[in-house]
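Visitor: I would like to know what the words used for a structure rest on. Could you take me through one, term by term?

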Amino acid sequence: MRTVTVIGASLAGLYAAMELRSQGYDGRLVMVGEETHRPYDRPPLSKEFLRGAVTAERLSLAEADEIGELDADWLLGTRAEGLDPPAGSVLLEGGRRLPTDGVVLATGAVPRTLPGEPLHGVHTLRTLDDAAALREELSRGQVRVVVIGAGFIGAEVASSCATLGHNVTVVEAAPQPLLPQLGDEMARFCADLHTDHGVSLQTGCGVKALHGDVHGRVDWVELTDGRHLPADVVVTGIGVSPATGWLRGSGVPLDDGVVCDGGGVVASLPGIVAVGDVARCAGHRSEHWSSAMEQPAVAVRNLLAGSTVETHTALPYFWSDQYGVRLQLAGHREQADTLRMVEGSPEDRSFLAVYERDGATTAVLAANRPRPFTRLRRELARSGGLATV
Amino acid sequence: MIPVCRLEDLPAGDSIRLDLEPPIAVFNADGELYAVDDTCTHQDASLSEGWLEGCLVECPLHAASFDLRTGKPTCLPARRAVRTHPVSVLDGTVWVHAPAEETTQAAEAGQGTAA
């Protein structure tokens with residue numbers, strides 16, 4: 001392989017580049033990134049960055065010398081617009097064709113948005129530019145913020161806005177926040193976190209429309225139950241879609257992400273692997289930071305080997321910081337799994353709990369209990385995802 | 001020098017966080033005592049709550065690992081080393097030699113809280 005092109009220059013793309021070099025690839029390496037920024041870490045965007053506690057420089061995922069050591073050609077601010085596997089080329093915006101032998105697909109995901117005319121004051125939060133724009137709007141005195149969606153991004157944004165002293169309402173279509181992810185009991189815990197901190201949580205109702213003033217700036221939110229919420233700033237956190245639109249018609253199999261095997265390999269096309277949020281590996285697509293960090297080592301090994309010699313085995317893990325509580329969840333939780341408190345209690349805002357199925361532990365959840373969480377997480381990982389703890 | 005605790009209060013495998021500015025974590029790694037800056041150089045997490053294995057501590061948030069002897073990260077996502085500080089035991093009390101000009105004792109809590 002003489003040229004490998006990594007498309008997407010965030011966590012998964014950068015780590016793929018690092019893995020290529022550390023696994024001995026010494027050919028040409030091209031990094032294509034739609035954003036103009038060098039790779040940076042996204043998790044702090046909804047938390048420390050939004051609150052003004054860290055600067056953009058602090059988010060950098062690689063220092064200048066580390067970037068230099070990669071010896072890559074960086075095409076930042078450049079969108080990939082297509083892939084031509086038979087010809088072995090990547091199509092870049094402006095019509096440029098980039099010949100390549102290997103491709104790492106790491107384009108991530110893009111936030112879903114509500115239908116309707118775009119209005120000033122309506123934000124999504126995915127990129128550094130998104131976060132900077134939102135932070136700017138939050139820096140002009142107290143405003144009324146409506147957060148649409150009480151998932152992890154929504155909850156963290158609401159928490160940050162509340163900390164900054166804004167008047168915050170969270171709208172969630174489901175009966176509780178994070179119900180599919182955490183189940184009823186823990187969903188109620190998360191709902192309490194909002195209300196305990198003066199945030200108004202409106203569940204069980206959707207958003208019908210956003211309405212603007214004569215200047216095209218958002219003015220109020222119309223709910224499906226007919227109520228109107230006045231709003232100076234709206235943040236939508238209603239999930240993301242894998243960034244695969246540019247691959248349509250390329251022959252790369254797509255189904256809610258790039259369809260690849262358990263090792264990130266696009267089985268039908270030689271020389272193509274996918275990592276991070278865009279990759280649907282063995283039927284499962286993860287949107288976790290830890291997956292984006294862990295998948296490249298395996299996918300790059302397979303890319304360089306020319307076949308799948310290794311598959312992903314890491315236990316799913318994510319964390320969320322909201323209202324001073326650090327939540328950590330690891331494992332494969334399913335809807336019917338039952339929750340058992342191991343230590344602490346939700347009332348204390350500090351606990352360790354496990355999800356169980358047929359007497360075995362399937363997942364572990366903790367609030368402000370990092371050390372025992374790590375112990376159970378490691379036990380769970382060692383036992384292959386089902387353990388007796 | 002900053003007093004940490006009695007040696008018997010820091011058994012092997014345990015750690016203590018000193019509420020200084022910046023905070024310092026003191027570890028008993030199988031009988032050897034080490035002190036490093038407590039905050040992971042990657043993101044805001046307390047290494048005193050991390051997973052201790054030999055002389056390596058794994059960050060509880062993202063599993064970055066640091067060598068307590070040198071402070072250097074042994075794997076991503078951390079890339080910067082944590083500062084290390086000499087530790088000594090005098091008459092059964094553990095002391096950390098932290099640079100006074102960079103570290104100030106927080107409030108009146110001379111002693112750290114067990115992690």
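Guide: Start with a definition: helices and strands are DSSP runs, a helix having at least four residues and a strand at least two. The model shown is predicted. With that definition, residues 317-382 of chain A are 20% helix and 56% strand, and the end C-alpha atoms of the span lie 14 Å apart. UniProt, in an unreviewed entry, lists these residues for "domain: Reductase C-terminal".

Visitor: What is the secondary structure of chain A as a whole?

Guide: Chain A has eight helices and 26 strands.

Visitor: What makes chain A as compact as a globular protein of its length?

Guide: The globule rule gives 21 Å for 389 residues, and the radius of gyration of chain A is 22 Å; the two are close, so chain A is as compact as a globular protein of that length. Its C-alpha trace spans about 60 × 60 × 40 Å along the principal axes.

Visitor: How do you know that the length of helix α4 of chain A agrees with what is expected?

Guide: At 1.5 Å a residue, the 12 residues of α4 (residues 152-163) should span 16 Å. The end C-alpha atoms are 16 Å apart, so the value agrees. Just after this helix, A:G165 takes a positive phi of about 90°.

Visitor: Why is α4(A) called mostly covered?

Guide: A residue is buried if 20 or more other C-beta atoms lie within 10 Å of its own. In α4(A), 10 of the 12 residues are buried, among them A:F152, A:I153 and A:C161. The elements that cover them include β10 (144-148), β11 (167-172) and α6 (184-196) of chain A.

Visitor: Why is A:D71 called exposed, and A:R349 partly exposed?

Guide: The cut-off for exposed is 12 or fewer other C-beta atoms within 10 Å. A:D71 has 11, so it is exposed. A:R349 has 16, which falls between the limits of 12 and 20, so it is partly exposed. A:D71 has a positive phi of about 50° although it is not a glycine, and it sits in the loop between α2 (64-70) and β3 (73-76) of chain A. For A:R349, also not a glycine, the positive phi is about 60°; its loop runs between β24 (338-345) and β25 (350-357) of chain A.

Visitor: What makes a set of residues a nonpolar core?

Guide: The residues must be buried, of the listed nonpolar kinds, and joined through C-beta atoms within 7 Å. The largest such core has 137 residues, and A:A16 and B:V26 are among those with the most contacts inside it. Helix α7 (residues 289-305) of chain A gives the largest share of this core, eight residues. Beyond its neighbours within four places in sequence, A:A16 is in contact with residues including A:V104, A:V275 and A:V300.

Visitor: How many residues of chain A are in contact with chain B?

Guide: Nine residues of chain A are in contact with nine of chain B. On the side of chain A, helix α8 (residues 370-382) brings the largest share, three residues. That side has four nonpolar, one polar and four charged residues.

Visitor: Why is the peptide bond from B:E21 to B:P22 called cis?

Guide: Its omega is near 0°. B:P22 lies in the loop between β3 (20-21) and β4 (24-29) of chain B. The bond from B:L76 to B:P77 is also cis, with omega near 10°.

Key
Residues numbered from 1 in each chain as written. Chains lettered and ligands numbered in written order. Predicted model: local features only at pLDDT ≥ 70, side-chain atom pairs only at ≥ 80, totals over all residues. UniProt positions renumbered as here; feature names shortened; annotations may be inferred. Contact = placed C-beta atoms within 7 Å. Nonpolar A, V, L, I, M, F, W, Y, C, P; charged D, E, K, R; others polar. Expected span 1.5 Å × (residues − 1). Rg over C-alpha atoms; globule rule 2.2 N^0.38 Å.
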